[in-house]
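Please describe this structure for someone who has not seen it before. A short report in plain words will do.

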Amino acid sequence: MAYWLFKSEPDSWGWDHQVAKGDAGEDWQGVRNYQARNNMRAMKRGDLGFFYHSNIGKAVVGIVEVIRESAQDTSTDDPRWDCVTLRALRPFLRPVTLDACKVQPGLEAMVLVRNTRLSVQPVTKDEWQIVCRMGGVDP
């Protein structure tokens with residue numbers, strides 16, 4: 001299993017929107033960055049990810065699961081762009097802010113800390129465990 005982080009602006013697609021989709025989940029559409037797209041192409045069904053509110057809040061707020069592997073992004077006819085389907089699994093008891101990640105030992109090399117602009121990014125197992133504990137959930 002691999003771990004990931006998915007960024008979204010909560011005023012356009014937030015945690016509550018994702019939760020409302022239930023077990024059917026929602027396609028993670030609209031990604032137009034090659035590195036982020038390639039990260040989605042590497043995902044497998046059952047991989048887990050952090051749901052991160054960007055711009056407003058700048059915090060990890062929950063955990064999602066990849067329920068469908070990479071396929072054509074139906075929001076465009078351009079065959080270069082793919083997306084995965086995600087479903088919400090559980091919220092964090094405490095949001096984990098970007099500022100908290102920046103000062104947390106063990107997260108110095110986390111992509112979120114080093115490259116705050118990448119919308120879909122890998123997370124190591126150690127980073128996953130640290131952030132989960134910070135958010136009050138069992139990794």
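The report below goes from the whole chain to its strands, and then to a few residues.

**The chain as a whole**

The model is predicted. The protein chain holds five helices and six strands. Read from the N terminus, these elements follow the order β-α-β-α-β-β-β-α-α-β-α.

For 139 residues, a compact globule would have a radius of gyration near 14 Å, and the value for the protein chain, 14 Å, agrees with this. The C-alpha trace spans about 45 × 30 × 30 Å along its principal axes. Of the 139 residues, 47% are buried. The accessible surface of the protein chain is about 7100 Å², and carbon and sulfur atoms account for 48% of that surface.

Contacts can also be sorted by separation in sequence. Among those between residues at least 6 apart, 69% join residues at least 24 apart. The protein chain carries 18 positive and 18 negative charges, and the mean positions of these two sets are 3 Å apart.

**Pairing with strand 5**

Strand 5 covers residues 82-97 and runs antiparallel to strand 2, residues 26-27. Strand 4, residues 59-72, also pairs with strand 5 in the antiparallel sense. The table gives the bridges for each pairing, with one partner pair from each.

| Strand paired with strand 5 | Bridges | One bridge pair |
|---|---|---|
| Strand 2 (residues 26-27) | two bridges | Asp27 and Thr85 |
| Strand 4 (residues 59-72) | 10 bridges | Val60 and Val96 |

**From strand 3 to strand 4**

Is His53 buried or exposed? His53 belongs to strand 3, residues 48-53. Its relative accessible area is 15%, so His53 counts as buried, the cut-off being under 20%. Setting aside neighbours within four places in sequence, His53 is in contact with Ser8, Pro10, Gly14, Trp15, Lys58, Ala59 and Val61.

One of these contacts, Lys58, lies in the loop between strand 3 and strand 4. Lys58 has a relative accessibility of 42% and therefore counts as partly exposed; that class lies between the limits of 20% and 50%.

Which backbone angle stands out at Lys58? Lys58 has a positive phi of about 45°, although it is not a glycine. Asn55 is placed in the loop between strand 3 and strand 4. Asn55 is likewise not a glycine, and its phi is positive at about 65°.

Note on methods:
Residues are numbered from 1 along each chain as its sequence is written. This is a predicted model: local features need pLDDT of at least 70, side-chain atom pairs count only at pLDDT 80 or more; totals for chains, interfaces and linings use all residues. Side-chain values use heavy atoms; hydrogens and water are left out. Helices (H or I, at least four residues) and strands (E, at least two) are DSSP runs, numbered from the N terminus. The radius of gyration is taken over C-alpha atoms; the globule rule is 2.2 Å times the number of residues to the power 0.38. Buried means under 20% relative accessible area, exposed over 50%, partly exposed in between (1.4 Å probe, protein chains only). Contact means heavy atoms within 4.5 Å. Accessible areas come from the Shrake-Rupley method with a 1.4 Å probe; for residues, only the protein chains shown count as cover. Lys and Arg count as positive and Asp and Glu as negative; His and the chain ends are not counted. The place of a charge is taken as NZ of Lys, CZ of Arg, CG of Asp or CD of Glu. Two strands pair if DSSP finds at least two bridges between them.
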